[in-house]
Amino acid sequence: MGKGMEHRAGSVMVLGGGIAGLQAALDLTELGYYVYLVEKSAVVGGVMAQLDKTFPTNDCSL
Amino acid sequence: MLTNADFLALAGKQGDFTARIRLRPRYIDTDSCTACGLCTQYCPRHHVDPYNEGLALTRPIHIDYAQAVPATYYIDPESCLYLQHDTCQICVPVCQSHAINFNQQPEELDLKVGAVILTPGFGRISGKTLAKFGYEAHPDVVTSIEFERMTSASGPFQGEVKCFSDGRHPHRLAFIQCVGSRDLGCDNGYCSSVCCMYAIKEALVVKEHDPDVEITIYYMDIRTQGKDFDKARERAEAMGIKFVRAKVAGVTPWKNRLQLTYSTLDGRHEFEPVDMVVLSVGLESPRDAAGIADITGIELNRYDFAKSDTLSPLTTRRAGVIVAGAFQGPKDIPESVTQASAAAGIAAGLLKKQRGQGIVHKSYPREKDIGDEVRIGVFTCHCGINISSVVDVHAVDDSVEDMEGVVYHTDSLYSCSQDAIETLKQTIIEHNLNRVVIAACSPRTHEPLFQETLKDAGLNPCLVEMVNIRNQCSWVHAAEPEAATDKSKDLVRMAVAKVRGMQPLPEQTVPVMPKALIVGGGIAGMTAALTLAGQGFDSVILEQGATLGGHLGLLNHTLSGSETAKYLKHLVAQVKKDGKIEVLTSARLVQIAGFIGNFASVVATGTGEAAKEHTVDHGVIILATGGHEHRPDGYLLDKSNKVVTQLELEKRLAGKARNRAPGSVVMIQCAGSRGDDLNYCSKVCCNHAVKNALQIKEINPDAQVIVLYRDMRTYGFAEDAYREARLKGVVFIPYDLDHKPEVYEKGRSLHVKFFDSILREETDLTPDLVALSVGIVPDGTDGLSKLLKAPLTDDRFFLEAHVKLRPVELPVDGMYVCGLAHTPKPVDETIAQAQAAAAKAAIPLVKGSVSVDPIVSHVDQDTCIGCGLCASLCPFAAIEMVKVGKKRKAHTIAASCKACGICSSHCPTFAISMGGFTNEQITAQIEAFGEVSEKETTEVS
């Protein structure tokens, strides 16, 4: 049995902290829910953080 | 936020899941680590840096990049000397904050959650596939992600592109498309949907750096079907980037360079010497897809992506488990962001009853009275080396020493890092600062963070002024460090002068009317209304037609076989019975007033005697106005009964007529699109043509179907259907703009003349039927755009607030867009976008109030002469004329004011001032600029 955590009503788990996971987590908190963002690596950001610029406007992606 | 975390198990059901998570140790205490970086400097072991795709070395103890979140270092156990060999531990005494803890153990947690959103992203194409193109065998063959790190200014080579073999700058560069995509050889039959775009982007970046580089992109079809994506391709062509339609057979060493072997469409084999090859690698399903599917019980498709249904694209077999992003199917950033918002909206609907119960509201200390004494703190940032490599940051910091009101000043490596923010807060409290100047980067990205810090320290957030010495000094004057330093000093001095006169501005909030107005009753509008209703919010749908349903009703089925008509009927019934949705048919919007949270719209319904107008009060508006089929000239459409559109063909094929699938059909793609009457790609027509071609073959297997196309854009999993059509004998022949197919009548027969680019000859056919893929035009966006003051693109679609990160919001607050009004798109994307628009629109409705930016205009009633000039000039109708006593006076409606300053600059009696930008402050700023100039002049003379 894993260590329990305090139970928060209305919480959602988001698996994966790339751009999709981050956006889902941000929107959920804005909509009034508690979010557990679970990311397998040591930082969030995913592949988008590796990109230099974004298509087609060439904006910085960080 | 749980990083270094593995997902182990999921028990329970929707509303009551228990998720088992294992946290792997970081070996660094996140609360103590200040991200100073000393540990990395002392760590003796090398570690291949995965963040830089192995192109650089770091240490086992490191942080991926300076802006990483969480801003805490971590130890990679795979290469750490202590964790592998029980030696070293140099980092432990080095760390000043005693953050390193080798005793950390893996920890398991049980999370109680109501819903799960799966966004694990995508995986990498296998080395075996890459090896076919000489990867690993030759150092100058790189993947596009490696190349991305190479071109990045913050990457291991500071943006310099060099050959790994000998360090020379490549003169000839080749991009190979579809590596690991559209390739059954590696069991990836699908199109990855993003590679064409990033290849063009990377090519453009390189070309901008060095215009002499010759770049060729070898492709099968260029799939730039997204909004305004074709324009980037045209830009690339204009800059001299070559596009060659060819299949690359292999890459081999040739002298000290590489040689590309490829075959073109007409069967010729060609060789091309190049210096460097970039492989446009596709998106693979995530490596742990099978594991996730096992744990959650969701289904995967044949390529190990999450299986989903066209009409319910984000839900899975297991209730309460939702997917979004690349795991749902390969896709780009805007699509991922859209799906993420949609997934959030769906989850919110599932857990409606628990909304707001688990969250903690952030509280701030009471705002301090700032008193009369001006106490300014100036903080100058190095931004790593981004500023300090050009600007002498210490000199700038020293220059404020004796300035009036400055009681504290310092510099820092990264002012925005978590620890620096905490230090800033403590410094404000300790030195009782009441004005702050931050000399760093752009307020556009960082002002909210510093304003928040002021609030945390008990100050009004308007008492901070940012100076952008990065963009305006170190970046633009990179070649002149002294001048850049002088300019930084000038800007900082001016900011100090301005901030002296800064006064706290009250934060205002206005209540929100919890109701949405949805313009358009098609699939997008109805989906948005139902998503909002699912979260408990009322909406009013305005439908201009007599019934709900829109254009989806014209379709029979989707490419993946979903029955649209049945779904639509079900959706209409659901909308009608939902008590939270009011439907107004034959209705149109004639007027809209107000602002986010408080719109009042006048809606006209009925015609003739039944015509009436009524007002709808609402807090947000969603535009789902849809589009219709374009009818191009020049192809005998509407002139010959043998020429039909794909929609008309679909209807005919769904009918019962015996000859509904004639013996010979020619389909012409992009008829009237992509530079013809319409300047864009409509994204759906290729799929539509393939769908109809397959249907014809189904009914009449002997039928000859020829599809004339420019680029077949059957992106994503639709590629399977394209392949199936080819296997069933449908013939696909590309044409280019110089050889557009011609449709003409001679006597009673219909002719199609085209240049067969495979046989390389002019061909003239007399088919039984010509089907045109005609593209989509938006409905009524011109009028709405004027009414709403919401901008359109050149192609008359609504322009979103940010193409990547805010794809469903309009630049005007409280307005959202979805479906064809945004850009042409297939049904599944429309549904996800409608769900996303509804989720975004629900945010202000959930909050119940919106805060108004405190920087608004203010009219001094004593000085105002009531001329009304300001009210007539205000583009946002934010100034009203009111009676004060017996006199007419101007008054600002704060919630509508956008702080443009037009009123203030035109007021003949200087009665209007802008919060945070008063005349006195601006004058002080200008005078401060003159101060040193005068001094310098004196010194010179």
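What percentage of the 62 residues in chain A is buried? Select chain A in this predicted model: buried residues account for 66% of its 62 residues. Colour chain A by secondary structure, and one helix and five strands appear. Followed from the N terminus, these elements come in the order β-β-α-β-β-β.

Next, select chain B and colour it by domain. Domain 1 covers 25–105, domain 2 covers 127–281 and domain 3 covers 376–503. Domain 4 is assigned two segments, 515–626 and 779–848. Domain 5 spans 630–775, and domain 6 spans 857–914. To relate two of these domains, place a marker at the C-alpha centre of domain 3 of chain B and another at that of domain 4 of chain B; the separation is 45 Å.

Now go to B:Val69 and B:Pro70. The peptide bond between B:Val69 and B:Pro70 is cis, with omega at about -5°. To put the bond in context, show the backbone on both sides: B:Pro70 sits in the loop that runs between β5 (61–62) and β6 (74–75) of chain B.

Move on to B:Asp398. This residue belongs to helix α10 of chain B, which comprises residues 393–399. Is B:Asp398 buried or exposed? B:Asp398 counts as exposed because its relative accessibility is 51%, and the cut-off for exposed is over 50%. Add B:Asp392, B:Glu401 and B:Asp402 to the selection and switch on the surface. Together with B:Asp398, these residues form a negative surface patch.

The last stop is the loop between β31 (664–668) and α18 (685–699) of chain B, where B:Cys670 is found. B:Arg674 is placed in the loop between β31 and α18 of chain B as well. Select B:Cys670 and check the backbone torsions: phi is positive, at about 55°, although B:Cys670 is not a glycine. Then select B:Arg674, also not a glycine, where phi is positive at about 50°. Why do such angles merit a look? Most residues other than glycine have a negative phi, and most peptide bonds are trans.

Keep both residues selected and turn on the surface of chain B. Which burial class does each fall into? B:Cys670 has a relative accessible area of 13%, so it is buried. B:Arg674 is buried because its relative accessible area is 8%. Both classifications rest on a cut-off of under 20% relative accessible area for buried residues.

Note on methods. Residues numbered from 1 in each chain as written. Chains lettered and ligands numbered in written order. Predicted model: local features only at pLDDT ≥ 70, side-chain atom pairs only at ≥ 80, totals over all residues. Heavy atoms only, no water. Patch = residues over 30% accessible without salt bridge, like charges linked within 9 Å, V, L, I, M, F, W, Y side chains within 5 Å. Areas by Shrake-Rupley, 256 points an atom, 1.4 Å probe, with all protein chains shown as cover. Salt bridge = Lys/Arg side-chain N within 4 Å of Asp/Glu carboxyl O. Lys, Arg positive; Asp, Glu negative; His and termini not counted. Charge placed at Lys NZ, Arg CZ, Asp CG, Glu CD. Helix = DSSP H or I, 4+ residues; strand = E, 2+ residues; numbered from the N terminus. Buried < 20%, exposed > 50% of the residue type's maximum accessible area, 1.4 Å probe, protein only. Domains from an automatic or database assignment.
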